[in-house]
Structure formats: structure tokens, C-alpha cells
Amino acid sequence: MSIHSDIKKVTVETFKKMKASGEKISILTAYDYSIARLADEGGVEAILVGDSAANVMAGYETTLPITLDHMIYHAQSVSRALQRAMLIVDLPFGTYTANSSQAHDSAVRVMKESGAAAVKIEGGMEIQNSIKAILDAGIPVMGHLGLTPQSINQFGSFKLRAKEESEAEKLINDAKLLEELGCFSIVLEKIPAALGEKVSKEISIPTIGIGAGNKTDGQVLVIHDILGLNKNFKPKFARKYLNLHEQIVGAVSDYVNDVKNQSFPSSEESF
Ligand code: KIV
């Protein structure tokens with residue numbers, strides 16, 4: 001329970017209990033106060049302030065350009081909205097891979113300045129020292145394996161990862177290492193469903209899938225995708241629950257017409 005309300009906040013302990021009981025964990029991204037409030041009210045266990053903000057909020061092709069300052073700004077806005085959901089924030093590209101003290105400092109800034117409850121970082125054994133330094137500071141870490149968009153220039157495309165046995169084996173070893181280091185959960189992005197299931201069975205911390213089948217311990221999606229805000233982006237793994245693109249464009253064009261034909265504002269809407 002927080003000192004501000006009677007609503008019990010989701011924590012890393014809740015994640016642990018949910019894995020043990022088999023209850024699936026639902027996570028969505030959000031980047032601003034108003035949408036985060038709605039997602040929290042809708043009942044997700046956690047909000048991820050993903051570096052996908054670079055794509056959906058800022059219009060970049062990749063997640064690489066977003067900075068730590070930008071992420072902290074988004075996280076502060078989301079933090080003010082949350083009553084129950086746990087706030088997890090991505091450390092962006094180039095803020096944790098140089099060495100463990102860089103990782104420590106970036107994570108501490110996020111926690112101090114945004115009120116986050118955990119950070120997420122991409123990668124396996126290559127970043128183990130960074131993970132250790134963040135965990136040693138008392139900060140919960142969510143890992144991220146499979147398609148890790150910050151490495152897009154190494155991958156060359158956003159295709160399915162770990163189809164080949166050697167990459168699948170590395171992913172399993174990385175997942176076990178992240179568990180051993182003390183990560184509280186791991187995002188598995190765009191990998192075969194059978195591999196998502198295998199990893200979820202072999203480790204004791206919750207796996208959160210995005211394009212990893214329905215046998216992971218939870219799911220995460222970008223909120224813009226489930227709301228249908230971009231008609232040209234239809235990833236196979238995302239389910240569209242609304243068609244807000246059509247509804248918003250329709251509402252805006254109705255408004256434009258009403259202004260032009262002077263039916264807005266009416267006498268009731270005037271002083
Ligand atoms: O940045 C992001 O939104 C993410 C998730 C989609 C897992 O990392």
C-alpha cells in the first residue's frame with residue numbers, strides 16, 4: 001500500500017507470486033500521463049516506458065536516437081498517473097553498455113528522477129557487469145532477449161530471432177544467466193513460440209513475451225498498436241483492439257467541417 005492511497009501497488013514480489021500461481025502478467029507501454037492513467041485503470045500489472053517512444057512518440061525509424069533525458073521526461077509523466085501498475089523504464093541505447101559505472105549511473109538517474117520501480121535493459125552475457133552494477137545498487141532489472149531493437153544495425157532487419165539452433169541455445173543460456181544474476185523477469189521478443197515456452201519452463205523468473213507465443217508468463221505490447229493508432233503498422237504479433245486511427249481522423253475532419261460551416265460553436269457552446 002502506498003502512503004497516498006489504499007491501492008496496493010504491483011511489485012517484483014507480485015511478479016514472483018504470479019509466476020508461481022500461473023496467473024499471466026499483462027504489460028503495456030505508455031509514454032505520457034493521460035494514456036498511462038487509462039492503462040492503469042484498465043488493469044495492467046505494469047507500464048513499460050519503452051524506448052519505443054523513439055518510434056511512436058518522436059517518429060524515428062529506430063530506437064537509437066532517444067536519450068536518457070527524454071526517457072526520464074516520459075517516465076515522470078507516466079509516474080504521476082499510476083495508482084496500481086508497476087513502472088518499468090527502458091535504459092536507452094548507449095547508456096549502459098560502456099561499463100558498469102555508466103550503467104549504474106544511468107539506472108540511478110532513472111530511479112531518482114522518475115519514480116520508476118525497475119529498469120529494463122537489452123542483452124545477455126555481454127552486459128552482465130552492467131546488470132550486476134544496477135542490481136548491486138538495489139534496482140530491479142528486467143532483461144530483454146531475442147529481437148533487441150537497440151542492436152538493429154547488427155541484425156540488419158526486424159525479422160524473427162533465434163530460429164537457428166545456435167542462436168536459440170545462446171538465448172537459453174543468456175536467460176539462465178539473467179536469472180542467476182538476479183533479474184526479476186525477462187522480455188522475450190519475436191522468437192518462435194516453442195522457444196518462448198521452453199525458456200519459460202526452464203527458468204523460475206517470469207518471462208514476458210512480445211511475439212513469443214502464449215506460453216510465456218506474461219505479454220507486453222506497445223499501446224499504440226493495440227489501439228490502432230497507425231494504420232500502416234500491423235505487426236503479426238500485435239492484436240488491434242480499437243481502430244483509433246480511423247476514429248481520430250474522422251473526429252478531426254468532423255471538427256474541421258463544423259468550424260468551416262459555423263455549426264461550431266453553437267449558442268450552447270458560446271457565452
Ligand atoms: O521499447 C519497448 O516498447 C519495448 C517493448 C515492446 C518490449 O522494449
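In this predicted model, the side chain of Lys 120 places an N or O atom 2.9 Å from an oxygen atom of the ligand. Two further side chains make such approaches: an N or O atom of Ser 52 lies 2.5 Å from a ligand oxygen atom, and for Asp 51 the corresponding distance is 3.0 Å. Taken alone, the ligand exposes 250 Å², and 95% of that area is buried by the protein. Asp 51, Ser 52 and Lys 120 belong to a surrounding set that also contains Thr 29, Leu 48, Gly 50, Asp 90, His 144, Val 187, Ile 210, Val 220 and Val 222.

Helix α4 covers residues 68–79. Its end C-alpha atoms are 16 Å apart, in agreement with the 16 Å that twelve residues should span at 1.5 Å a residue. The buried residues of this helix are Leu 68, Met 71, Ile 72, His 74, Ala 75, Ser 77 and Val 78. They pack against two strands, β2 (46–49) and β3 (86–90), and against the helices α2 (33–42), α3 (53–56) and α5 (100–114).

The largest nonpolar core of the model comprises 75 residues. Within this core, the residues with the most contacts are Phe 15, Ile 27, Ile 88, Leu 91, Val 119 and Ile 134. Phe 15 touches both Ile 27 and Ile 88. When residues up to four places away in sequence are not counted, the other residues touched by Phe 15 are Val 10, Ile 25, Ala 46, Met 86, Met 142, Phe 184, Ser 185, Pro 206 and Ile 208.

Conventions
Residues numbered from 1 in each chain as written. Predicted model: local features only at pLDDT ≥ 70, side-chain atom pairs only at ≥ 80, totals over all residues. Heavy atoms only, no water. Helix = DSSP H or I, 4+ residues; strand = E, 2+ residues; numbered from the N terminus. Expected span 1.5 Å × (residues − 1). Buried < 20%, exposed > 50% of the residue type's maximum accessible area, 1.4 Å probe, protein only. Contact = heavy atoms within 4.5 Å. Near = heavy atom within 4 Å. Polar contact = N/O pair within 3.5 Å; in protein donor to acceptor, adjacent residues only side chain to side chain. Areas by Shrake-Rupley, 256 points an atom, 1.4 Å probe, with all protein chains shown as cover. Core = buried A, V, L, I, M, F, W, Y, C linked by side-chain atoms within 4.5 Å.
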